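Please examine the model below and set out the reasoning behind each label given to its local features. The exchange should proceed by question and answer.

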Amino acid sequence: MFTAADHQYMARALQLAGRGLYTTDPNPRVGCVLVREGQVVGEGWHERAGEAHAEINALRQAGEQAAGATAYVTLEPCCHHGRTPPCSQALIAAGVMRVVAALQDPNPRVAGSGLAELQAAGVATDTGLLADEAEQLNPGFIMRMRHGRPWVRCKLAMSLDGRTAMENGESRWITGEAARRDVHHLRARSSAIMTGIGTVLADDPSLTVRLEGDGDAAFLQPLRVIIDSHLRIPPTAKLLAQPGETLILTGVADPHKEALLADPGVSVDTLPLNADGRLDLHAVLGYLGGTGINEVHVEAGAILCGALLADRLIDELVIYMAPHLMGDTARGLFALPGLQHMTQRIDLSIQDIRAVGSDLRITAQLAAAQV
């Protein structure tokens, strides 16, 4: 169905889409290549939410040469008026003769309608080329559109014997500088960085992206999300004074404490508590999905990470393993008190293992995790 040239041009479109990795949120990362008579006449990618989509940028570059061209797009062209006009109509008006989309848009507002509109105008369409690669580029957007919640990526750092901190809580630094820099790239691609109140009280983290001088000048500061069931966060917490915004999710309405936290960059919202007196994590992720959060990057302690894992709400684990031993009294990765038998173990599927400086980075998914 697809030729070698089709694969080549779609691969280029995916490469272009990746340029928006840190800046398109909450929109998907999309690339477009226009080809006429075997020559690339236009390229574009979606650079930032509210600005032109990939197809429009490619059409602008191509000009009159777009007439009779084939458009290779990593996601089905939109057909509705949002912050920008519909791309399907722009492609039709430019005289594009064929559109190849890697994926049908999972957004219910599109979901095949863009392709149908193109077909009705006499434009040939094909879908499914390099679809897996396109899904990997937008796991959060696809998860949110299909299931109403973000893709959850949990980052952990551990010793070779699976420990995250010494018995007294000391944990800086388990991994080397290269691994810590790599984590900032994971933070930068995320819509939100989430942690628990225990980590805030113990470590007083900043939870910001710091990539200056690392060749990535364009990025957005993700929303900081604090899971604080009983609103214990002190007004002096470092993260409250950082650039960007902070959302504190609690199960306790406390107007006096909320007044102490009042700041243009800080908001407090109340969600249901479960039977254990903790926030319902399904409700948390549903709430975040409803606000347009695509990817949640979790950096938390064993209790929150364990609770997310027990509820099967972690889609991806990124574990940095350092070449040292911390001993059997040091702290572990997850609090999972309910596991007593081998039949209860949580199976993972290893997706990637690579060296990052002196450490190993292991990427895994729950065995049944799907976008």
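Q: What makes the contact between arginine 180 and tryptophan 173 a charge over a ring?
A: In this predicted model, the charged end of arginine 180 is 4.4 Å from the centre of the tryptophan 173 ring. The cut-off for the distance is 6 Å, and the direction must also fall within 35 degrees of the ring normal. The charged end of arginine 180 is accordingly described as sitting over the ring of tryptophan 173.

Q: Which ring lies under the charged end of arginine 19?
A: The ring is that of tryptophan 45, with the charged end of arginine 19 at 4.8 Å from its centre. This value, too, is set against the limit of 6 Å.

Q: Why is the aromatic pair of tyrosine 9 and tyrosine 72 called tilted?
A: The structure holds one aromatic pair. Its members, tyrosine 9 and tyrosine 72, have ring centres 5.3 Å apart and planes at 45°. Centres within 6.5 Å count as a pair, and planes under 30 degrees apart would be stacked, over 60 edge-to-face. Because 45° falls in neither of those classes, the pair is tilted.

Q: What makes this pair a link between distant parts of the chain?
A: Tyrosine 9 belongs to helix α1 (residues 4-17) and tyrosine 72 to strand β3 (residues 70-73), with the two positions 63 residues apart in sequence numbering.

Q: Are the two tyrosines of the pair buried or exposed, and how do you know?
A: Tyrosine 9 has a relative accessibility of 11%, and tyrosine 72 has 4%. Buried means under 20%, so tyrosine 9 is buried and tyrosine 72 is buried.

Q: How do you know how many disulfides the structure holds?
A: The count is zero. A disulfide requires sulfur atoms within 2.5 Å. The sulfur of cysteine 78 has its closest cysteine sulfur in cysteine 87, at 3.7 Å, which is too far for a bond. For cysteine 32 the closest cysteine sulfur is also in cysteine 87, at 8.5 Å, again too far.

Q: What makes cysteine 32 and cysteine 78 count as buried or exposed?
A: The relative accessibility of cysteine 32 is 0%, and that of cysteine 78 is 8%. With the limit for buried at under 20%, cysteine 32 counts as buried, and so does cysteine 78.

Q: Why is the peptide bond from aspartate 25 to proline 26 called cis?
A: The omega angle of this bond is near 5°, and the bond is cis. Most peptide bonds are trans. Proline 26 lies in the loop between α1 and β1 (31-36).

Q: What makes the phi of aspartate 204 and that of leucine 231 worth noting?
A: Most residues other than glycine have a negative phi. Aspartate 204 has a positive phi near 50°, and leucine 231 has a positive phi of about 50°. Aspartate 204 is in the loop between α8 (197-203) and β8 (223-227), whereas leucine 231 is in the loop between β8 and β9 (246-250).

Q: Why is aspartate 204 called partly exposed?
A: The relative accessible area of aspartate 204 is 29%. Partly exposed lies between the limits of 20% and 50%, so aspartate 204 takes that label. Leucine 231, at 4%, is buried.

Q: How do you know whether isoleucine 303 is buried or exposed?
A: Isoleucine 303 has a relative accessibility of 53%. Exposed means over 50%, so isoleucine 303 counts as exposed. Its place is in helix α11 (residues 302-310).

Q: What is known of the largest cavity and its lining?
A: A search of the whole structure finds one cavity of 30 Å³ or more, and about 50 Å³ of space lies in the largest cavity. Its lining includes Asp25, Asn138, Phe141 and Asn294. By class, the lining has two nonpolar, four polar and three charged residues. Asparagine 294 is found in the loop between α10 (281-290) and β11 (295-298), and at 4% relative accessibility it counts as buried.

Q: Which residues lie closest to the centre of the second largest pocket?
A: The second largest pocket has a volume of about 710 Å³. Of its 21 lining residues, Gln136, Arg153, Arg189, Glu316 and Thr363 are the closest to the centre. The lining divides into seven nonpolar, five polar and nine charged residues.

Terms used: Residues numbered from 1 in each chain as written. Predicted model: local features only at pLDDT ≥ 70, side-chain atom pairs only at ≥ 80, totals over all residues. Heavy atoms only, no water. Buried < 20%, exposed > 50% of the residue type's maximum accessible area, 1.4 Å probe, protein only. Phe/Tyr/Trp six-rings, centres within 6.5 Å; stacked < 30°, edge-to-face > 60°. Helix = DSSP H or I, 4+ residues; strand = E, 2+ residues; numbered from the N terminus. 1 Å grid on protein atoms, 1.4 Å probe; cavity = no way out; pocket = protein on both sides within 12 Å on 5 of 7 lines; lining within 4 Å. Points joined across faces, edges and corners; volume = space filled by probe spheres on them. Nonpolar A, V, L, I, M, F, W, Y, C, P; charged D, E, K, R; others polar.
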